[in-house]
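Thanks for coming. I have one structure to go through this morning, and I will keep to the confidence, one helix and the aromatic rings.

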Amino acid sequence: MRNGKLAAWLGLVGALAALNYASRFASGKPPPDTLYRYDTAISGVIFYAITLAILLRIARGLTRRELGLRAPESWSRAIGFTFATLIALLVVEVALEAVLNGTSEQGLEPTHWEPSKAVPFALNAAVVVVAAPLVEELTFRGVGFTLLARFGTVAAVTGTAIAFAADHGLVEGFPALFVFGLAVALVRVRTGSIYPGMLLHATFNALALVDAFAR
């Protein structure tokens, strides 16, 4: 059963990576007004809903504890470790961005604020800050981590980090995404829960949006 679930999970993340890389090489960067468009939010919700439905089918039979869907033993220690990880991650990501310019490659961050398009931006921000961390953490640090854990913690951490980075379809941005995947997986290992990782992921994405307007 576990072999079948692992094959299904690898098929899912492999298909997502292939589609994202194909789209990137065929179409290039998304238009600069991507986060100001209603259709972006709608397509994002549909995409994450479909991914979640497939993922839940793969996860059938796995316990909530195995998936990390449980509270940490100590929320105070978990939040402290998560915050420290976030700070370290931000330092590393800034250094990588200066060299690789991965954010520019992704092309999602708006170049300036447009008040007249606040509503579609808010909807897209909700997808980026809420839907993406929830589904992606369940995909990689939840189901993926659980299925790879039998090969050892190192395999689970690095395997999910590689899959997470590849899933975004970036080249210059791959190292930064890989480091991010490692960081969140380490939070999963340390806390035994995917909830702190979701919080870290959501906070990181929110800070990225804020930074886009601050620059």
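**Confidence, helix H1 and the aromatic rings**

Let me start with Trp113, which is partly exposed at a relative accessible area of 42%. Phe121, by contrast, counts as buried, with 11% relative accessibility. Trp113 and Phe121 form an aromatic pair. How are the two rings arranged, stacked or edge-to-face? They are edge-to-face, with 5.5 Å from centre to centre and 85° between the planes. The count of aromatic pairs comes to nine.

Before going on, a word on confidence. This is a predicted model. The mean pLDDT of the chain is 93, and 98% of its residues reach 70 or more. Which element has the lowest mean pLDDT? That is helix H4, residues 102-106, at 71, while helix H6, residues 153-167, has the highest, at 98.

Next, the helix at residues 2-27. H1 has 26 residues and reaches 37 Å from its first C-alpha to its last, close to the 38 Å expected. Its buried residues are Lys5, Leu6, Trp9, Leu12, Val13, Leu16, Ala17 and Arg24. Note that this list includes Lys5 and Arg24. Just after H1 comes Gly28, with a positive phi of about 75°.

Trp9 takes us back to the rings. This buried residue of H1 belongs to one aromatic cluster with Phe140, Phe164, Phe180 and Phe204. Phe164 also has a charged neighbour: Arg141 lies over the face of the Phe164 ring, at 4.7 Å from the ring centre.

That is what I have. I will take questions now.

Notes
Residues numbered from 1 in each chain as written. Predicted model: local features only at pLDDT ≥ 70, side-chain atom pairs only at ≥ 80, totals over all residues. Heavy atoms only, no water. Helix = DSSP H or I, 4+ residues; strand = E, 2+ residues; numbered from the N terminus. Expected span 1.5 Å × (residues − 1). Buried < 20%, exposed > 50% of the residue type's maximum accessible area, 1.4 Å probe, protein only. Phe/Tyr/Trp six-rings, centres within 6.5 Å; stacked < 30°, edge-to-face > 60°. Lys NZ or Arg CZ within 6 Å of the ring centre and 35° of its normal. pLDDT = per-residue confidence, 0-100.
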